[in-house]
Amino acid sequence: MAEVVVVPDPDTGGRLAARTVLDTVRRNPEAVLGLATGSSPLPVYRALARLIAEEGVDVGRVSGFALDEYVGLPPGHPESYRSVITREVTVPLGLSPDRVHVPDGDPARADTAGEAYERALAAAGPVDVQLLGVGTDGHIGFNEPGSSLTSRTRLKTLTEQTRRDNARFFGSVEEVPVHCVTQGIGTILRARHLILLAFGAAKAEAVAAAVEGPLTASVPASAIQLHAHTTVIVDEPAASRLTHLAYYRHAWANKPAPQHI
Ligand code: GLP
């Protein structure tokens, strides 16, 4: 079962996840990080940037793989996930740009972008820590409801709900691309440790469905139940629909090892 950690606010959750990422990099300076976009992982990146600077950690050989990319945005579009990852992760953390990978969203290569990305991931080795957000419809990466639980990186069509959710980053819903290239659920599950972050009441349903099931392709995030090492970091509103909330709090408070995910 996933470990669920309820935090008072997103910044506390961000610090907890950042400490784990940093410990991973200290143990392995060539660690491979799985990077998520969206607002949920931003507190992790902010905390990580601070810790790297304060503790003088060398991240020059760390590599990163983004989960997904829109298809068809012009190169350099500020809301392409390539741009977002550069702005929120590569630059503030001081990663080497040539070690940070994002699926190719060029429509001319959309058919083969998935396979190419799988090859790059396989060459880099398994992802050590994979950060994840969750969509209000239960998607992870851009694996919309119905995505195969064994899927690999591929071209997908976004749901209208996701396009509406993400319209806030664009001028209007019409400007949100219809297609994306996303790591598959099977791809995501190959990472050694999954950390899913969700904050706010809008995520409460998706969090409960992901953590407490049933396991179903209709809720792609429920695939975390198949993984032996998943940590779910939520604030009180996002945790509010969990049935076994009292147990998660009890387990965290009585964790045999120090409070570390
Ligand atoms: C997008 C991303 C997902 C992310 C989701 C939730 O659809 N492709 O990876 O998890 O948004 O975003 P947010 O964290 O902003 O709620």
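Guide: In this predicted model, a polar contact is a pair of N or O atoms within 3.5 Å.

Visitor: What makes the approach of histidine 139 to the ligand a polar contact?

Guide: An oxygen atom of the ligand is 2.9 Å from an N or O atom in the side chain of histidine 139, and because the cut-off for such a pair is 3.5 Å, the pair counts as a polar contact.

Visitor: How do you know that asparagine 166 and valine 134 also make polar contacts with the ligand?

Guide: A polar side-chain atom of asparagine 166 lies 3.4 Å from an oxygen atom of the ligand, while for valine 134 a polar backbone atom is 3.4 Å from an oxygen atom of the ligand; since the limit is 3.5 Å, both pairs qualify. As for cover, the ligand taken alone exposes 390 Å², of which the protein buries 94%.

Visitor: Which residues are closest to the ligand, and how is the shell around it made up by class?

Guide: The ligand is surrounded by 13 residues, with Ser39, Ser40, Asp68, His139 and Lys203 the closest, and by class this shell holds three nonpolar, seven polar and three charged residues.

Visitor: Why is the ligand said to sit in the largest pocket?

Guide: The phrase requires that more than half of a molecule's atoms lie within 2 Å of the grid points of the pocket, and the ligand does sit in the largest pocket, so it meets that condition. About 540 Å³ of space lies in this largest pocket, and its lining comprises 28 residues, of which Thr37, Gly38, Ser39, Asn166 and Arg168 lie nearest the centre.

Visitor: Which helix gives the most to the lining of the largest pocket?

Guide: H3 does, with four residues; strand S4 (68-70), helix H3 (81-93) and helix H5 (160-166) each supply at least two. By class, the lining has 11 nonpolar, 10 polar and seven charged residues.

Visitor: What lines the second largest pocket?

Guide: Its lining is formed by 15 residues, with Leu73, Pro75, Asp104, Gly105 and Asp106 nearest its centre, and about 240 Å³ of space lies in the second largest pocket.

Visitor: What makes the peptide bond from glycine 213 to proline 214 cis?

Guide: The bond from glycine 213 to proline 214 has omega near 0° and is cis, whereas most peptide bonds are trans. Proline 214 is found in the loop between helix H7 (204-212) and strand S10 (230-235).

How values were computed:
Residues numbered from 1 in each chain as written. Predicted model: local features only at pLDDT ≥ 70, side-chain atom pairs only at ≥ 80, totals over all residues. Heavy atoms only, no water. Near = heavy atom within 4 Å. Polar contact = N/O pair within 3.5 Å; in protein donor to acceptor, adjacent residues only side chain to side chain. Areas by Shrake-Rupley, 256 points an atom, 1.4 Å probe, with all protein chains shown as cover. 1 Å grid on protein atoms, 1.4 Å probe; cavity = no way out; pocket = protein on both sides within 12 Å on 5 of 7 lines; lining within 4 Å. Nonpolar A, V, L, I, M, F, W, Y, C, P; charged D, E, K, R; others polar. Points joined across faces, edges and corners; volume = space filled by probe spheres on them.
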